Amino acid sequence: MSLSDPQTFYRTAGKVIPWLMGAALILFIVGFYIGFFEAPVDARQGNSYRIIFIHVPTAWMSLLLYVLMAVASAIGLLYKSRLSFMLAQAMAPTGAAMAMVALFSGAFWGRPTWGAYWVWDARLTSELILFFLYLGFIALHASIDDKHRADRAASVISIVGVVNVPIIYFSVQWWNTLHQGASITSSGSSIAPIMLTAMLIMVAAGMLYGAGAVLARTRTIILERERREDWTHEAALEGTL
């Protein structure tokens, strides 16, 4: 049986999730401590800059999860893969949560930096659109009782909406925006090494948490959709969810 089989995926994911979540928690504690207690005060922004240790990882994860959701949707449409559709459905709530945290943390950073919680900046606006795309995917999928039709319909939103991801990423280069440019590029980093260390640790924690949350939600979806199969009843009785 291959990992693309829901039953195999369910049992394998159940073994992996605790390790992902445990590692995410450890990295989050380490990254949070370095970023909020060890990293120095920024010369220009003071302590308010520390919000980036929450804002940047969640913003990056909101983009990554949307791209992965679109890829899973495309695979589902092309190969009629049930598991791919389930993964896409599972990614949407986690991606929406990441986008929401990115927007709120950005607002709290923007107040002392720009003097306002919200401005209709190109990057902020396109990130808000991403959040609505996630919500649209979730709402459309939930509104259609036939899950096969729901998968196909919601997939259209995810695939079409993926064009917004490069707009978010390149918005600070394409338009004159208030949002600062990238501090980490292929040519290096413009921030202090200890700040970069905290940032990368928090990004790793976010990725591990995102993977664990998506796998856990996928297992729930598998049980809901495969409930007519005998093995799902055994899994539910074992309390492996």
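Trainee: In which helix is E127 found, and is the residue buried or exposed?

Mentor: In this predicted model, E127 is found in helix α4. Its relative accessible area is 7%. Because buried means under 20% relative accessible area, E127 in α4 counts as buried.

Trainee: Which residues is E127 in contact with, leaving aside neighbours within four places in sequence?

Mentor: With those neighbours set aside, the contacts of E127 include S62 and L63. The full set is S62, L63, A99, A102, L103 and I168.

Trainee: Which helix gives the most to the largest nonpolar core?

Mentor: The largest nonpolar core has 36 residues, and F9, L65, Y66, M69, L130 and Y134 are those with the most contacts inside it. Helices α1, α2, α3, α4, α6 and α7 each supply at least two residues of this core. The helix that gives the most, with 11 residues, is α3.

Trainee: What does Y134 touch, not counting residues up to four places away in sequence?

Mentor: Y134 is among the residues with the most contacts inside the largest nonpolar core. Beyond four places in sequence, Y134 touches S62, L65, Y66, M69, M91, A92, G95, A96 and A99.

Trainee: How many residues has the other core, which lies apart from the largest one?

Mentor: Among the residues of this other core are A39, A198, M199 and I201. The count for that core is 12 residues.

Trainee: Is I29 buried or exposed?

Mentor: I29 lies in helix α1. With L25, F28, F32, Y33 and F37, I29 makes a nonpolar surface patch of about 630 Å². Its relative accessibility is 51% and the cut-off is over 50%, so I29 counts as exposed.

How values were computed. Residues are numbered from 1 along each chain as its sequence is written. This is a predicted model: local features need pLDDT of at least 70, side-chain atom pairs count only at pLDDT 80 or more; totals for chains, interfaces and linings use all residues. Side-chain values use heavy atoms; hydrogens and water are left out. A nonpolar core is a set of buried Ala, Val, Leu, Ile, Met, Phe, Trp, Tyr and Cys residues joined through side-chain atoms within 4.5 Å. Buried means under 20% relative accessible area, exposed over 50%, partly exposed in between (1.4 Å probe, protein chains only). Helices (H or I, at least four residues) and strands (E, at least two) are DSSP runs, numbered from the N terminus. Contact means heavy atoms within 4.5 Å. Patches are made of residues with over 30% relative accessible area and no salt bridge: like charges are joined within 9 Å, nonpolar side chains (Val, Leu, Ile, Met, Phe, Trp, Tyr) within 5 Å. Accessible areas come from the Shrake-Rupley method with a 1.4 Å probe; for residues, only the protein chains shown count as cover. A salt bridge is a side-chain nitrogen of Lys or Arg within 4 Å of a carboxyl oxygen of Asp or Glu.
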